[in-house]
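Colleague: I would like a close look at a single part of this protein. Please pick one helix and take me through what it packs against and what it lines.

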Amino acid sequence: QVMDTYGEDVRLVYRHFPLNSIHPQAQKAAEASECAADQGKFWEFHDKVFASQELLSGGATQLKKWAGELGLNASKFASCLDSGEKADMVQAGLDSGSAAGVTGTPAFFINGVALVGAQPFSSFQQVIDEQLSNS
């Protein structure tokens, strides 16, 4: 809704913040979404994971199944996921979030103004309008 309302006045930057102590499969799921991104399907994979979190206990097998359902090249996806090549990228998101004071998800920053937790559109609108009026 924010993107639809504000168009080119806003930019979405997504960073991973896997809470492995709460969600043991969060790290691998984040890595898998980046492997999917290599094939142009980040958001589709992201949405699949969030819609079916209860299935994450299936680990890499489940992640690979979802990749197949999304039409990804199975061998490329599996190679990427199994190699751990995206682990540093995911860790960098966690590190930058921690440095910014993030302790949980979701967390949003609008020109440095933090919105923590699930927020209604009106909360985003208030901060964005304020930021746009200051620019």
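Modeller: What follows is a walk around helix H2, its two packing partners and the pocket it helps to line.

First, the setting. This is a predicted model. The protein chain holds seven helices and two strands. Along the sequence they run α-α-α-α-α-α-β-β-α. The C-alpha trace spans about 50 × 30 × 25 Å along its principal axes.

Now the helix itself. H2 covers residues 26-37. Two things describe a packed pair of helices: the angle between the axes and the distance between them.

Take H5 as a partner. H5 runs over residues 74-83. The axes of H2 and H5 lie 9 Å apart, at an angle of about 140°. That makes the pair oblique, because an angle must be over 145 degrees to count as roughly antiparallel. The crossing of H2 past H5 is right-handed. Which residues of H2 meet H5? They are Lys28, Glu31, Ala32, Cys35 and Ala36. On the H5 side, Phe77, Cys80 and Leu81 take part. By class, this contact counts six nonpolar residues and two charged ones, with no polar residue.

Turn to H6, residues 87-99. Here the axes come within 9 Å and cross at roughly 115°. H2 and H6 are therefore roughly perpendicular, since that class takes in angles from 65 to 115 degrees. H2 again makes a right-handed crossing. From H2, the contact uses Gln27, Ala30, Glu31 and Glu34. H6 answers with Ala87, Met89 and Val90. The class count is four nonpolar, one polar and two charged residues. Note Glu31 in H2: this residue meets H5, and Glu31 also meets H6.

Last, the pocket. The largest pocket has a volume of about 1,700 Å³. Its lining has 46 residues, and the closest to the pocket centre are Leu12, Val13, Tyr14, Ala107 and Phe108. H2 supplies at least two residues of the lining. So much can also be said of H6, of helix H1 (2-6) and of helix H3 (42-51). Strand S1 (107-110) and helix H7 (121-133) likewise give at least two each. Which helix gives the most to the lining? H7 does, with five residues. By class, the lining has 28 nonpolar, 15 polar and three charged residues.

To pull it together: H2 is oblique to H5, roughly perpendicular to H6, and a contributor to the lining of the largest pocket.

Notes: Residues numbered from 1 in each chain as written. Predicted model: local features only at pLDDT ≥ 70, side-chain atom pairs only at ≥ 80, totals over all residues. Heavy atoms only, no water. Axes fitted to C-alpha atoms, helices over the stretch in contact; angles between N-to-C directions. Helix = DSSP H or I, 4+ residues; strand = E, 2+ residues; numbered from the N terminus. Parallel < 35°, antiparallel > 145°, perpendicular 65-115°, else oblique. Left-handed = near helix turned anticlockwise from the far one by under 90°. Contact = heavy atoms within 4.5 Å. Nonpolar A, V, L, I, M, F, W, Y, C, P; charged D, E, K, R; others polar. 1 Å grid on protein atoms, 1.4 Å probe; cavity = no way out; pocket = protein on both sides within 12 Å on 5 of 7 lines; lining within 4 Å. Points joined across faces, edges and corners; volume = space filled by probe spheres on them.
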